[in-house]
Amino acid sequence: MTRPRILVVGAGFAGVECVRRLERKLAPDEADVTLVTPFAYQLYLPLLPQVASGVLTPQSIAVSLRRSKRYRTRIIPGGAIGVDLKAKVCVIRTITDQIVNEPYDYIVLAPGSITRTFDIPGLTDNAFGMKTLAEAAYIRDHVISQLDLADASQDPAERAARLQFVVVGGGYAGTETAACLQKLTHAAVKRYPRIDPALIKWHLIDIAPKLMPELGDKLGRSAQKILARRGIDVSLGVSIEKAGPEEVTFTDGRVVPTRTLIWTAGVVASPLIATLGAETIRGRLAVTAEMTLPGQDGVFALGDSAAVPDLAQGDDAICPPTAQHAMRQGPQVADNIIATLRGRPLQPYRHKDLGLVVDLGGTDAVAKPLGIELHGLPAQFAARGYHWAALRTNVAKVRVATNWTLNAIAGDDFVRTGFQARRPAKLKDFEYTDAYLSPEQVRAQVEGTGREQL
Ligand SMILES: Cc1cc2nc3c(=O)[nH]c(=O)nc-3n(C[C@H](O)[C@H](O)[C@H](O)COP(=O)(O)OP(=O)(O)OC[C@H]3O[C@@H](n4cnc5c(N)ncnc54)[C@H](O)[C@@H]3O)c2cc1C
């Protein structure tokens, strides 16, 4: 008898936690586990702004998928570009651009989310995102290169434009990004005697009336005060009307000359979800509390790409797209697959939100763990302690702790690596959003070419 085939799509918080639990709890002859992922690591996204600001090296938050011999899952290096639920086949584009059909008995959809964009002229061509390791590393080099170019320029207008930076999105990702990068430029400018520090301007804008509303009014105001003290100009109720390569127009009419627009205004589910042709809630796959797809046998979805009912909140609430939920849903899906294999009942997912921690760089932070409002050093301890504990491996923990210590003792460093210079590097280039097939193309691929396998 052939073993059931479990295919997990995506090696993020949700996918990796699911795979590790399957490896631990299933005997090797009970099922074959396969993971599809374009990268050989699990990315600890909440620390991405600290990679962008150079406090952490990229490797320290990229946890290898192959650290242990016990990891017996077969890994396909590539991205899923479509799923045919009826035929139970996932279509994959490998990293060498080969298209393969991967049949499964159980599929776990955990491809996460992509940056949410709007129909704003010039946005996808001119904005950077903050969602991948490559983007964070690129932004760091880009910001330092703006200082280098401003320093060398003899043109006062160009100089001023290169020293203005715009971040859109007042959620935790955008706020942390603006705060960490401002700290970097503030420290770096001391090494550029030809640059007037007053010319460096960071703008953080959001269409919402409050920064990080999840934190509550008091902490939101506290974060805003910290940013104002650092000279970051926060504009609420404002968005972008137009984005060009050398200037950005705000909806309140201001035109800001800049070469740096960082867009972090929310996320939407991976485009893979649309290839299923199944019901969605605000783009996320509509699943049950057990994280199964109604009416489909053997389909599970979780993390940012799924609308998992939030039973702790009640009513029609769905879990917010956070790592906190994704990393807990992973093991629960694994348990539910095992329960299915062993003919036992499935369990619903339930988790009460633990709160939020926001690291604004240095000793600045705000946090609301378990409803307790913190700011300053206690908040920073909570923020870094939480992230440190949540890192998957001891190697990652040591790397991150060492980087933090080094940064606290030796300060920031301003090396521009230049590895990615001259590469197209805007939003549309990093997130491969045009790689996906339509449901019809998926069907044609599955029916037309037979069962090609790796
Ligand atoms: C800057 C930033 C800061 C954040 N801070 C926090 C925080 O402080 N606290 C918190 O709880 N959450 C935070 N989040 C949100 C959190 O990171 C996400 O909610 C979480 O990563 C979702 O987990 P996931 O497994 O669903 O997706 P991800 O972790 O994004 O993983 C998805 C994986 O799937 C892969 N993938 C994508 N498409 C495909 C495909 N087609 N085929 C195969 N693989 C694919 C991706 O490469 C990735 O490895 C932050 C996010 C960002 C961007």
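This is a stop-by-stop tour of the chain and its ligand.

**Before you start**

The model is predicted: local features need pLDDT of at least 70, side-chain atom pairs count only at pLDDT 80 or more, and totals for chains, interfaces and linings use all residues. Residues are numbered from 1 along each chain as its sequence is written.

**Stop 1: the two domains**

Select 5-115 + 268-353 + 432-448 and colour it as domain 1. Give 117-265, domain 2, another colour. These bounds come from an automatic or database domain assignment. The centres of domain 1 and domain 2, taken over C-alpha atoms, are 32 Å apart.

Now look at where the domains meet. Here 13 residues of domain 1 contact 16 residues of domain 2. Contact means that the C-beta atoms of two residues, placed from the backbone, lie within 7 Å. On the domain 1 side, helix 2 (48-52) and strand 9 (113-115) supply at least two residues each. Helix 2 gives the most, with five residues. Helices (H or I, at least four residues) and strands (E, at least two) are DSSP runs, numbered from the N terminus.

What is the make-up of this side by class, nonpolar, polar and charged? It has nine nonpolar, four polar and no charged residues. Ala, Val, Leu, Ile, Met, Phe, Trp, Tyr, Cys and Pro count as nonpolar; Asp, Glu, Lys and Arg count as charged; the others, Gly among them, count as polar.

**Stop 2: the ligand**

Centre on the ligand. Both domain 1 and domain 2 give residues to the shell around the ligand, so it lies between them. The shell has 35 residues, and Gly 10, Gly 12, Gly 112, Gly 303 and Thr 322 come nearest. A residue belongs here if its C-beta atom, placed from the backbone, lies within 6 Å of the molecule.

Show the elements that give two or more residues to the shell: helix 1 (13-25), strand 2 (32-37), helix 2, strand 5 (74-84), helix 6 and helix 8 (323-341). By class, the shell has 22 nonpolar, 11 polar and two charged residues.

Next, select 5-330. UniProt, in an unreviewed entry, places "domain: FAD/NAD(P)-binding" there. UniProt positions are given in the numbering used here, feature names are shortened, and annotations may be inferred rather than shown by experiment. Over residues 5-330 the chain is 27% helix and 28% strand. The end C-alpha atoms of this stretch are 17 Å apart.

**Stop 3: helix 6**

Select 172-188. Helix 6 has 17 residues and reaches 24 Å from its first C-alpha to its last, close to the 24 Å expected at 1.5 Å a residue. The expected span is 1.5 Å times one less than the number of residues. Of the 17 residues of helix 6, 14 are buried, so it is largely enclosed by the rest of the structure. Buried means 20 or more other C-beta atoms within 10 Å of the residue's own, exposed means 12 or fewer, and partly exposed lies in between, with C-beta atoms placed from the backbone.

**Stop 4: helix 8**

Move to 323-341. The end C-alpha atoms of helix 8 are 27 Å apart, in agreement with the 27 Å that its 19 residues should span. Its buried residues include His 325, Met 327, Gln 332 and Asn 336. Among the elements covering the buried residues are strand 1 (5-9), helix 1, strand 8 (106-109) and strand 20 (299-301). Just after helix 8, Gly 343 takes a positive phi of about 70°.

**Stop 5: Val 8**

Val 8 sits in strand 1. It is buried, with 29 C-beta neighbours inside 10 Å. Beyond four places in sequence, Val 8 has contacts that include Gly 15, Cys 18, Val 33, Leu 35 and Val 108. Measure from Val 8 to Cys 18: the C-alpha atoms are 8.2 Å apart, and the residues are 10 apart in sequence.

**Stop 6: two positive phi values**

Most residues other than glycine have a negative phi. Lys 88 has a positive phi of about 60°. It lies in the loop between strand 5 and strand 6 (89-94). Asp 97 also has a positive phi, near 70°. It lies in the loop between strand 6 and strand 7 (99-103).

Which of these is buried and which exposed? Lys 88 is buried, with 20 other C-beta atoms within 10 Å. Asp 97 is exposed, with 8 C-beta neighbours inside 10 Å.

**Last stop: Gly 129**

Gly 129 is in the loop between helix 3 (123-126) and helix 4 (133-152). It counts as buried, with 28 C-beta neighbours inside 10 Å. Leaving aside neighbours within four places in sequence, its contacts include Thr 115, Trp 263, Leu 427 and Phe 430.
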